Amino acid sequence: KKAMGRITGDGQYPMWADARLVPQIDLLKIHHYDNMAKATSLKALEIAMRMKQVEDLPFPVGTHLNDEQKDILWAYNDHDVDATFDFYKESYDMIEFREELTEKYGKDFMNHNDTKIGAEVFITELEKSGVPCYSKLNGKRVPRQTPRSQIALKECFVPYIKVEHPAFQMVMNYLAAQTIKETKGVFSDIKCTHEMVKWMDPKRVKVWVKGSKKPRRLCNLPEGTDLEGAKFVAASLHCRIDGFNYDFGTGGLHASLHRRILKSNDTHTIVDIDVASYYPNLAIKNKVYPAHLSEKFCEIYEFLYNERLRVGKKTMMGGAYKLALNGTYGNSNNEYSPFYDPQYTMTITLSGQLSLCMIVEQLIKIPGLQMIQCNTDGITYYCPNEYLEHAHNLKTWWEQVTQLELEEIQYSRMFIRDVNNYIAEYTDGKLKRKGAYEYKREWHKDHSALVVQKAVEARMVHGADMTSFIINHRDEFDFMIRGKVNRDSSLHLVYPDGHEEKLSNTIRYYVTQSGGTLV
């Protein structure tokens, strides 16, 4: 009963710090695996850690065990304890970080995830400066917040925002005309005018021609179709300039070439510019703050930013200040946070996107310049070498207008699938891997068949023959694939002779020319 009470809750979990007899480390919480988006089982972690043996519970839950089965279960439990201890060792740095924070602030940070640490550091500094983040209601501590029944987006642009390209003007005018009641899903299924769709991708616009009941893609309409009285709906808020799509949303500006390889050479250079701590500095420089926290919010934000530079980005407190800086934007749209003010959220994200448009529209005036990517806090472009100095001058102009700082680097090559999946090679030969090309992955991500990413990189970056690379690759774990079915399903290995073998619900397997078939 005690064990089941811990599993099912029954008011016993979580066990608060003041009720514990022994200090406790909750690896689930530290790694934020109690978040559904990152939920990870111990079995998946065993596979990611490349343990030699991965086991599932050997009997159905609720089975009455005989003596022999008890011994099997004992060994199974012992294996899981070993796996948990191995993961604890992999978490040493995170635990040490939390120990130092607990000692510095006199608060228990031991089982906080990174986002919660960032919020706690910011809240602590705010309250030290005299800004209360919580109030008392019926004897309970509740966060101070600024909920909004509606938000007029025209009030969410910082003063310097000004765009001149008709496509970007179309986007800005659309936004300025909107009043929203929630911040999620507001930039999908956009009702458009005929003038708006002139600057949109015809593949992404549905049209109801007068008298028709079913929509058609704008790109599929016969030339000369009468669009008088037609209705237009775009899948998302975007615009198209010179065949390049720019997507706008609550997360940030996104755009990218697809399935391309680009190389810096005698005529062109790949240039990447990122805004330093974009969303924090956008708030600091423009005095944008959650309404209930006053302008003092920006002062503390700036203090944390400067403190991070002072103590060093690689230090323990530098890491804590980074979490405080980066987590605040997300918490401004978290209805459980004392930073909650969705108008602040929209002001930062819309101003951030339109600010990038201001430099994009100047760069694309350069003859022969090609946009490569836009991704929330920066842009990448392919610049003719004769105009590199002019492009650099545009960077300086933008910094003066916005009071923000752009960090510039150059790539020697880029291998691009899309905006979230690419390899970029720095001029010193080091690689930046994103999305599908990453193989140094976080623990909660799928570590299956990493030989694929490594072979593709060997082929594209180093010119290796992929077949030879795979045949000669000697890390057996790189070939293994994680398989999993729900507890109410079952996995069977069926051999060519018809013999079946029942497997655990979580397994590793590899592709071979012999063996059986997974069912």
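Here is a walk through one helix, one pocket, two cavities and a couple of residues of this structure. Keep in mind that the model is predicted.

Let's start with helix α5, which covers residues 92-105. At 1.5 Å a residue, its 14 residues should span 20 Å, and the end C-alpha atoms are indeed 20 Å apart, so expectation and model agree. Now look at which of its residues are hidden: Ile 95, Phe 97, Arg 98, Leu 101 and Tyr 105 are buried. They take up an arc of only 155 degrees around the axis, which means they sit on the same side of α5. The background here is simple: an α-helix has 3.6 residues a turn, so residues three or four places apart point the same way. Turn to the face of α5 that points away from the buried side, and you find the exposed residues Asp 93 and Glu 103.

What lies over the buried residues of α5? The cover includes α2 (27-30), α4 (67-90), α6 (114-128) and α11 (316-331). After α5 comes Gly 106, with a positive phi near 70 degrees.

Helix α11 is worth holding on to, as it leads us to the second largest pocket. This pocket has a volume of about 1000 Å³. It is lined by 27 residues, and the closest to its centre are Ser 277, Tyr 278, Lys 322, Asn 326 and Asp 377. Who gives the most to this lining? That would be α11, with nine residues. At least two residues each come from β13 (268-275), α9 (278-286), α10 (296-311) and α11. Sorted by class, the lining of the second largest pocket is a mix of ten nonpolar, nine polar and eight charged residues.

Zoom in on Lys 322, one of the residues closest to the centre of that pocket. Lys 322 belongs to helix α11, and it counts as partly exposed because its relative accessibility is 39%. For a sense of scale, Lys 322 and Asp 446 are 124 residues apart in sequence and 27 Å apart in space, C-alpha to C-alpha.

Tyr 278, another of the residues closest to the pocket centre, gives us a link to Ser 355, which touches it. Ser 355 is in helix α12 (residues 342-363). Is Ser 355 buried or exposed? It counts as buried, because its relative accessibility is 0%. Leaving aside residues up to four places away in sequence, Ser 355 touches Tyr 160, Ile 161, Tyr 278 and Trp 398. His 79 is a long way along the chain from Ser 355: the two are 276 residues apart in sequence, and their C-alpha atoms are 54 Å apart in space.

Next, the enclosed spaces. The structure holds two cavities of 30 Å³ or more. The largest cavity has about 80 Å³ of space, and its lining consists of Ile 47, Ala 48, Arg 50, His 447, Leu 450, Phe 477, Met 480 and Arg 508. By class, that makes five nonpolar, one polar and two charged residues.

The second largest cavity has a volume of about 30 Å³. Around it are Ala 44, Ile 47, Ala 48, Lys 445, Asp 446, His 447, Ser 448 and Arg 482. Helix α3 (residues 42-48) provides the largest share of this lining, three residues. The classes here come to three nonpolar, two polar and three charged residues. Ile 47, Ala 48 and His 447 appear in the linings of both cavities.

Definitions and conventions: Residues numbered from 1 in each chain as written. Predicted model: local features only at pLDDT ≥ 70, side-chain atom pairs only at ≥ 80, totals over all residues. Heavy atoms only, no water. Helix = DSSP H or I, 4+ residues; strand = E, 2+ residues; numbered from the N terminus. Expected span 1.5 Å × (residues − 1). Buried < 20%, exposed > 50% of the residue type's maximum accessible area, 1.4 Å probe, protein only. Arc of directions from axis to C-beta. Contact = heavy atoms within 4.5 Å. 1 Å grid on protein atoms, 1.4 Å probe; cavity = no way out; pocket = protein on both sides within 12 Å on 5 of 7 lines; lining within 4 Å. Points joined across faces, edges and corners; volume = space filled by probe spheres on them. Nonpolar A, V, L, I, M, F, W, Y, C, P; charged D, E, K, R; others polar.
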